[in-house]
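User: I am new to reading protein models. Can you take me through one, step by step?

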Amino acid sequence: MRGRTQRLRSRNPRDLRKHLLGGALAVVALGVLGAGAYVYVTAPRPPALDRASLCPVDGAHSTTVVLLDSTDAIPDIGKHEIRTLLLDMAEAVPVYGLLELRLLDPKAPGGRQIFAKCNPGDGAGLSEYTANPRLARKRWLEGFRQPLEDALEAGFTPTPGKISPIMETVQRIAVDRFSGRAAEDIPKSLVLVSDMLENEPDYSQYSGDLSYNRYKASRAYKKLQTDLHGAEVTIYYIQRVTAKPLSSADHIRFWVDWIRDNKGRFKQASKLQGDG
């Protein structure tokens with residue numbers, strides 16, 4: 001009995017507190033580990049990407065097509081502004097959204113594609129625990145941003161042509177990118193960087209008035225009817241010096257009517273600086 005009493009007395013309250021504190025810390029550590037494991041297991045995994053396009057193998061989450069019209073030389077100040085606008089636009093493309101750049105080219109139906117990649121994400125907002133932000137940033141710079149800059153430089157080289165088939169090119173873009181089940185439920189955008197001077201055998205804006213009724217009376221109207229499938233359309237308007245004075249307000253109004261008549265949603269039209 002005396003030995004048992006001595007053992008009880010030998011237990012120091014300080015030692016007891018240490019044991020309790022250690023046990024509490026162990027419980028907290030296990031809780032943190034469990035929470036970390038839960039986050040890792042339940043965190044959404046990025047989709048598998050196509051190595052060439054950087055798009056999800058099951059399809060892009062949005063589509064933005066830029067049609068750049070360099071059939072006539074673009075003023076240097078205009079080139080600088082276009083470059084800034086398009087690079088800013090590229091950074092705003094949603095992650096896993098497709099950005100495609102085409103050049104207006106009478107010899108290439110639908111335009112000549114010079115860039116088509118999805119934004120793989122630049123690593124912003126990614127967790128160090130469930131992803132690799134630095135690797136994502138490197139992939140974004142080398143696989144998306146730099147190739148776009150290179151494509152833009154090449155796209156500014158003039159590609160002269162006797163006709164300027166803007167409507168026909170947009171018609172083909174709509175079929176290629178805005179039609180079908182894969183594109184049905186995703187956001188769709190079309191950006192036109194052009195003087196918007198339609199010129200083809202059945203209809204030309206170099207002669208006659210800019211009324212939409214004149215266009216509707218032409219043979220081009222039915223031939224070039226297009227379903228834009230609700231795509232949002234933005235125009236960056238390159239101003240041209242033409243033999244016949246052209247009202248830019250009337251011209252843009254024509255294209256607003258054309259977009260709406262072809263099931264698109266007009267967003268805005270902005271004049272680029274300089275003229276050519």
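User: Let's start with helix H3. What covers the buried residues of H3?

Analyst: First, a caution: this is a predicted model. To see what covers a residue, look for the elements in contact with it. For the buried residues of H3, the cover includes strands E1 (62-68), E2 (97-103), E4 (188-194), E7 (232-239) and E8 (265-275). Helix H4 (133-155) is also part of that cover.

User: Which residues of H3 are buried?

Analyst: Buried here means under 20% relative accessible area. In H3, the buried residues are Gly78, Glu81, Ile82, Leu86, Leu87, Met89 and Ala90.

User: Why does the span of helix H3 agree with its number of residues?

Analyst: Count the residues, then apply the rise of 1.5 Å a residue. Helix H3 has 17 residues, 76-92, so the span should be 24 Å. The end C-alpha atoms of H3 are 25 Å apart, which agrees.

User: Now the whole chain. How many helices and strands does the secondary structure come to?

Analyst: The chain has nine helices and eight strands. Of its 276 residues, 42% are buried. The chain exposes about 16100 Å², and carbon and sulfur atoms supply 54% of that area.

User: What share of the contacts with a separation of 6 or more comes from residues 24 or more positions apart?

Analyst: Check how far apart the partners sit along the sequence. Here, residues 24 or more positions apart account for 76% of those contacts.

User: How many cavities of 30 Å³ or more does the structure hold?

Analyst: Rolling a probe the size of a water molecule over the atoms shows where empty space is left. This structure holds two cavities of 30 Å³ or more. The largest has about 40 Å³ of space. The second largest has a volume of about 30 Å³.

User: Which residues line the largest cavity?

Analyst: Val66, Leu86, Leu99, Glu100, Leu101 and Leu148 line the largest cavity. Leu86 is also on the list of buried residues of H3. E2 supplies the largest share of this lining, three residues. By type, the lining has five nonpolar residues, no polar and one charged.

User: And what lines the second largest cavity?

Analyst: Its lining is Ile74, Pro75, Gly78, Ile82, Ile238, Gln239, Leu272, Gln273 and Gly274. H3, E7 and E8 are the elements that give two or more residues to this lining. E8 gives the most, with three. This lining divides into five nonpolar residues, four polar and no charged.

Notes:
Residues numbered from 1 in each chain as written. Predicted model: local features only at pLDDT ≥ 70, side-chain atom pairs only at ≥ 80, totals over all residues. Heavy atoms only, no water. Helix = DSSP H or I, 4+ residues; strand = E, 2+ residues; numbered from the N terminus. Expected span 1.5 Å × (residues − 1). Buried < 20%, exposed > 50% of the residue type's maximum accessible area, 1.4 Å probe, protein only. Contact = heavy atoms within 4.5 Å. Areas by Shrake-Rupley, 256 points an atom, 1.4 Å probe, with all protein chains shown as cover. 1 Å grid on protein atoms, 1.4 Å probe; cavity = no way out; pocket = protein on both sides within 12 Å on 5 of 7 lines; lining within 4 Å. Points joined across faces, edges and corners; volume = space filled by probe spheres on them. Nonpolar A, V, L, I, M, F, W, Y, C, P; charged D, E, K, R; others polar.
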